[in-house]
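Me: I should like to go through the fold of this chain by question and answer. Please give the criteria behind each term as it arises.

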Amino acid sequence: MAENYRRRGKFEEVAFIFPNAPSIPITVIAFDDLAQQQDQPGIFKSRDYFHSLIKSEIDKGIPSSRIVLGGFSQGGSISIFAGLTSPQPLAGIFGLSSYLLLGDSLATYLTPQIKAANSSTPIFMGHGDKDPLVKVEWGQETASRLKELGWTVDFNVYKGLQHDADPKEMDDLEAWFKERLPAHG
């Protein structure tokens with residue numbers, strides 16, 4: 001994504017940071033709904049890591065209002081959770097083929113300070129209607145839940161798309177980025 005933007009002269013003032021998940025042993029468990037057990041300690045550890053990345057960028061002089069947090073699949077899911085619970089206001093949050101982690105208890109992690117910081121942070125979600133891994137209904141449920149909690153969510157469904165990215169989805173995300181991160185030129 002970032003290389004594509006660079007080749008086309010887009011977002012030249014933007015630093016893209018793509019963190020990798022730590023190497024840890026895991027057990028793969030198939031699940032059919034989001035109400036099943038989630039790894040709360042692992043989610044908090046990842047959230048704290050994402051918050052440290054945000055703080056590091058702020059410490060470099062980047063205003064939090066110029067930071068967008070996002071990702072694909074699990075990366076998008078943790079980006080949504082970390083963005084919603086960030087103590088700093090962000091320019092935006094995006095999740096592609098993603099869902100809300102700890103959705104049933106999210107409100108308990110939203111202190112008045114945190115809610116105030118990001119209550120107006122816009123969220124972009126993209127999802128394929130044929131995704132066999134992260135069901136489109138999970139994305140729709142996430143968008144609905146976030147709207148109920150007061151966030152503005154731009155939820156987009158891409159016809160025929162499985163658990164992958166789509167050129168139209170990337171174009172829509174690029175347009176969303178342009179609104180959030182106008183050039184300072």
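Me: How many helices and strands does the secondary structure of the chain come to?
Reply: This is a predicted model, in which local features need pLDDT of at least 70, side-chain atom pairs count only at pLDDT 80 or more, and totals for chains, interfaces and linings use all residues. Residues are numbered from 1 along each chain as its sequence is written, and side-chain values use heavy atoms, with hydrogens and water left out. Helices (H or I, at least four residues) and strands (E, at least two) are DSSP runs numbered from the N terminus. Along the sequence they follow α-α-β-α-β-α-β-α-β-α, and the count is six helices and four strands.

Me: In which order do the strands of the open sheet lie?
Reply: Two strands count as paired if DSSP finds at least two bridges between them. E1 (68-72) and E4 (153-158) are the edge strands, each pairing on one side only. E1 is joined to E2 (residues 92-96) by five bridges, with Val68 opposite Gly92. The pairing is parallel, and the order is E1-E2-E3-E4.

Me: At about what angle to E2 does helix H6 run?
Reply: Axes are lines fitted to C-alpha atoms, for helices over the stretch in contact (heavy atoms within 4.5 Å). Angles run from 0 to 180 degrees between N-to-C directions. H6 (residues 167-180) lies across E1, E2, E3 and E4, and its angle to E2 is about 175°.

Me: Which helix gives the most to the largest nonpolar core?
Reply: A nonpolar core is a set of buried Ala, Val, Leu, Ile, Met, Phe, Trp, Tyr and Cys residues joined through side-chain atoms within 4.5 Å; buried means under 20% relative accessible area, exposed over 50% and partly exposed in between (1.4 Å probe, protein chains only). The largest core has 29 residues, and Leu84, Leu106, Ile123, Leu146 and Trp151 touch the most other members. Helix H2 (40-59), helix H3 (74-84), strand E3 (123-128) and helix H5 (136-148) each supply at least two residues. With five residues, the greatest contributor is H3.

Me: Which residues does Leu146 contact, leaving aside its neighbours within four places in sequence?
Reply: Leu146 is one of the core residues that touch the most other members. Its contacts beyond those neighbours are Ile80, Leu84, Leu100, Leu106, Ile123, Trp151 and Val153.

Me: What percentage of the residues in the chain is buried?
Reply: Besides the largest core, a second, separate core of 13 residues includes Leu96, Leu161, Leu173 and Trp176. Of the 185 residues in the chain, the buried share is 43%.
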